[in-house]
Amino acid sequence: MKRLFAVFAMCVLVLCGCAKNGDVNLDKVSKNLNTYTMNLIYNDDHTLNGSQTLRYTNNSDTNLKTICFHLYPKAFTKGAVNKPVSSTNETKAYPNGPSYGDIDIISASINGERTEFNLSGLDNNILTVGLLEELEPCDKVTISLEYKVYVPNINHRFGYGDNAVNMANFYPVVAVIEDGEFVLDPYNSNGDPFYSECSNYDVTLTIPTSYKVASTGVQTNSTTLEDNTTYTINAKAVRDFAFVMSEKFEVASEQVEDTTVLYYYYDDEDYKSNLQAGVDALNTFNRLFGKYPYSTLSVVKTNFVHGGMEYPNMVYISDVVEGADYTNVIIHEIAHQWWYGVVGSNAFRFPWLDEGLTEYSCVLFYQENPDYNVDPVELVKNTNNSFVTFVDLYTDVLGKVDTSMNRSLDEYNTEPEYVYMTYVKGMLLFDNIAEVVGRDKLISTLKTYYAENMFTNVTPEILVSALEKVTGRELVSYINTWLEGKCVIVTMD
Ligand SMILES: [Zn+2]
């Protein structure tokens with residue numbers, strides 16, 4: 001995600017996510033992945049009827065008796081403990097006052113046979129489906145779910161606003177298994193509280209014909225019957241599926257090698273340069289990190305409370321952001337296609353890992369694209385000094401400030417503290433690594449890290465060990481001083 005934040009009164013806005021493409025054959029990759037088959041019908045009253053079948057393989061080394069899913073819409077219910085926005089953003093997020101959403105699970109079946117299910121977690125946000133018999137490692141099972149989704153009136157990842165309907169994190173998504181246990185971290189208004197495995201999606205989506213739709217994957221067919229249009233959408237080896245609909249969308253596109261970059265927008269006289277920013281970001285990151293493996297990348301203007309949000313093959317750009325900040329959000333969210341999309345991580349547990357690297361990727365973008373008139377040296381300096389100001393002011397007010405970065409989303413004391421330790425200090429950490437090991441070595445590490453970890457989930461240790469391998473140096477203790485909040489960051493002149 002991209003947070004836009006002001007540094008108290010004195011600072012400006014500081015920057016604060018055939019299928020053969022390149023060397024990667026997505027058909028081949030997709031063979032080993034779980035597949036969601038979904039039939040989704042979006043109704044005029046902002047509800048969605050969903051029917052979904054997940055073909056699931058037990059890739060853990062434990063026998064499974066149940067399968068757990070995240071029900072993210074539960075964060076949007078009335079009285080939810082883990083709310084989607086912090087109190088400071090509530091007014092901005094809800095354009096017409098409080099509004100609530102939900103997901104009702106209607107039925108669950110295993111291999112076609114009805115089975116028991118239950119909801120647990122603070123906000124009933126975890127769905128557990130009982131298996132009829134234990135699922136052994138490497139065995140497969142088909143879990144079918146029927147559900148109804150109630151979409152709230154909120155400018156968020158999931159919600160409808162005046163200009164568009166954002167449909168992300170709306171369906172039951174199977175939890176990742178680690179050490180034999182499902183990882184069931186709850187929602188959090190800080191950051192992107194999501195963690196999932198790459199999967200395939202075969203989606204049939206029916207929506208009112210008046211809407212145009214941007215989505216993850218490739219729209220292969222559409223049929224219009226009276227007032228509704230049904231789209232067939234396929235996505236291979238992506239870690240989530242999302243779509244955005246608007247009656248106002250206009251669409252511009254450009255081909256970059258094997259990828260079509262699409263820009264869905266409204267009220268945008270600069271649409272050509274915004275499409276170009278998407279094209280330039282894709283070209284730059286293809287060259288620096290390794291090739292984007294998908295055939296579409298949609299940049300989507302929408303009503304969204306924060307700056308932007310990343311989903312596979314698709315990024316949200318908030319319609320309240322303007323000028324150079326808008327361009328910066330496009331670049332940031334596209335960088336997430338590498339750091340979140342293709343190389344995934346647990347964004348609840350290690351939010352600095354993808355956000356820090358994504359913010360630093362923007363620095364690299366400006367180094368490579370001087371036409372954007374953003375001096376990368378100034379950018380790092382301003383980011384550094386904004387961090388120092390934050391720490392000084394918070395220390396004055398609170399007596400001390402925790403500058404550790406190795407915290408989960410729910411371990412940050414305040415939203416600004418989260419933003420400064422993950423995005424701001426995250427960028428500074430990667431810039432410092434570039435200084436310590438050399439920019440070329442950092443970039444060649446990122447190339448290796450990308451190539452070796454495509455379509456998987458990584459941990460910080462994997463990145464540090466990739467750095468150590470390329471540089472031949474011991475770097476754990478140096479990087480830990482940053483993560484543990486022990487390094488001192490001083491004002492830069
Ligand atoms: Zn981000």
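Reader: At what angle do the axes of helix 4 and helix 5 cross, and within what distance do they come?

Author: The model is a predicted one. In it, the axis of helix 4 (residues 323–335) comes within 8 Å of the axis of helix 5 (residues 351–368), and the two cross at roughly 120°.

Reader: What makes helix 4 oblique to helix 5?

Author: Roughly perpendicular covers 65 to 115 degrees, and roughly antiparallel begins over 145. The crossing angle is roughly 120°, which falls in neither range, so helix 4 is called oblique to helix 5.

Reader: Which hand does the crossing of helix 4 and helix 5 have?

Author: The crossing is right-handed.

Reader: Which residues make the contact between helix 4 and helix 5?

Author: Helix 4 contributes Asn328, Ile331, His332 and Ala335, while helix 5 contributes Thr358, Glu359, Ser361, Cys362 and Phe365. Sorted by class, the contact of helix 4 with helix 5 has 4 nonpolar, 4 polar and 1 charged residues.

Reader: How do the axes of helix 5 and helix 7 cross, and within what distance do they come?

Author: The axes of helix 5 and helix 7 come within 7 Å and cross at roughly 60°. Under 35 degrees would count as roughly parallel, and roughly perpendicular begins at 65. The angle of roughly 60° lies between those limits, and therefore helix 5 is oblique to helix 7. The crossing of helix 5 with helix 7 is right-handed.

Reader: Which residues of helix 5 and helix 7 meet?

Author: From helix 5 there are Pro351, Trp352, Glu355, Gly356, Leu357, Glu359, Tyr360 and Val363; from helix 7 there are Met421, Thr422, Tyr423, Gly426, Met427, Leu429, Phe430 and Asp431. By class, the contact of helix 5 with helix 7 has 10 nonpolar, 3 polar and 3 charged residues.

Reader: Why does Tyr423 count as buried?

Author: A residue is buried if 20 or more other C-beta atoms lie within 10 Å of its own. Tyr423 has 27 such neighbours, so it counts as buried. Tyr423 lies in helix 7 (residues 415–437). Its C-alpha atom is separated by 27 Å from that of Ala237, 186 residues apart along the chain.

Reader: Are Asp179 and Asn313 buried or exposed?

Author: The cut-offs are 20 or more neighbours for buried and 12 or fewer for exposed. Asp179 has 8 other C-beta atoms within 10 Å, so it is exposed. Asn313 has 25, so it is buried.

Reader: What is the phi of Asp179, and where is this residue?

Author: Asp179 is not a glycine, yet its phi is positive, about 50°. It sits in the loop between strand 16 (177–178) and strand 17 (181–182).

Reader: What is the phi of Asn313, and where is this residue?

Author: Asn313 also is not a glycine and has a positive phi, about 65°. Its loop runs between strand 26 (308–311) and strand 27 (314–318).

Reader: What is the order of the open sheet of 8 strands?

Author: The order is 9-8-12-6-5-18-21-20, and the pairing is mixed.

Reader: What makes strand 9 and strand 20 stand at the edges?

Author: Strand 9 (113–114) and strand 20 (218–225) each have a single partner strand, so one side of each is left without a neighbour in the sheet.

Reader: How do you know that strand 8 and strand 12 pair?

Author: Pairing requires at least two bridges. Strand 8 (residues 102–110) and strand 12 (residues 140–150) have 8 bridges in the antiparallel sense, so they pair under that rule. One bridge sets Ser107 against Glu146 in strand 12.

Reader: How many bridges join strand 6 to strand 12, and how many join strand 5 to strand 6?

Author: Strand 6 is joined to strand 12 by 11 bridges, and the two run antiparallel. Leu54 has Ile143 of strand 12 as its bridge partner. Strand 5 (residues 34–42) and strand 6 (residues 47–57) are joined by 8 bridges and also run antiparallel. There, Met38 stands opposite Gln52 of strand 6. The hairpin of strand 5 and strand 6 has 4 residues between the strands, and His46 takes a positive phi near 60° in it.

Reader: What is the order of the sheet that 4 strands form?

Author: The order is 10-11-7-15, in an open sheet with antiparallel pairing. Strand 10 (117–120) and strand 15 (173–174) are called edge strands because each has a single partner strand, with one side left without a neighbour in the sheet.

Reader: How do you know that strand 7 and strand 15 pair?

Author: Strand 7 (residues 64–70) and strand 15 have 2 bridges in the antiparallel sense. At least two are required, so the pair meets the cut-off. Phe69 has Val174 in strand 15 as its bridge partner.

Note on methods. Residues are numbered from 1 along each chain as its sequence is written. This is a predicted model: local features need pLDDT of at least 70, side-chain atom pairs count only at pLDDT 80 or more; totals for chains, interfaces and linings use all residues. Axes are lines fitted to C-alpha atoms, for helices over the stretch in contact, and angles run from 0 to 180 degrees between N-to-C directions. A crossing is left-handed if the near helix is turned anticlockwise from the far one by less than a right angle, and right-handed if clockwise. Two residues are in contact if their C-beta atoms, placed from the backbone, lie within 7 Å. Ala, Val, Leu, Ile, Met, Phe, Trp, Tyr, Cys and Pro count as nonpolar, Asp, Glu, Lys and Arg as charged, and the others, Gly among them, as polar.
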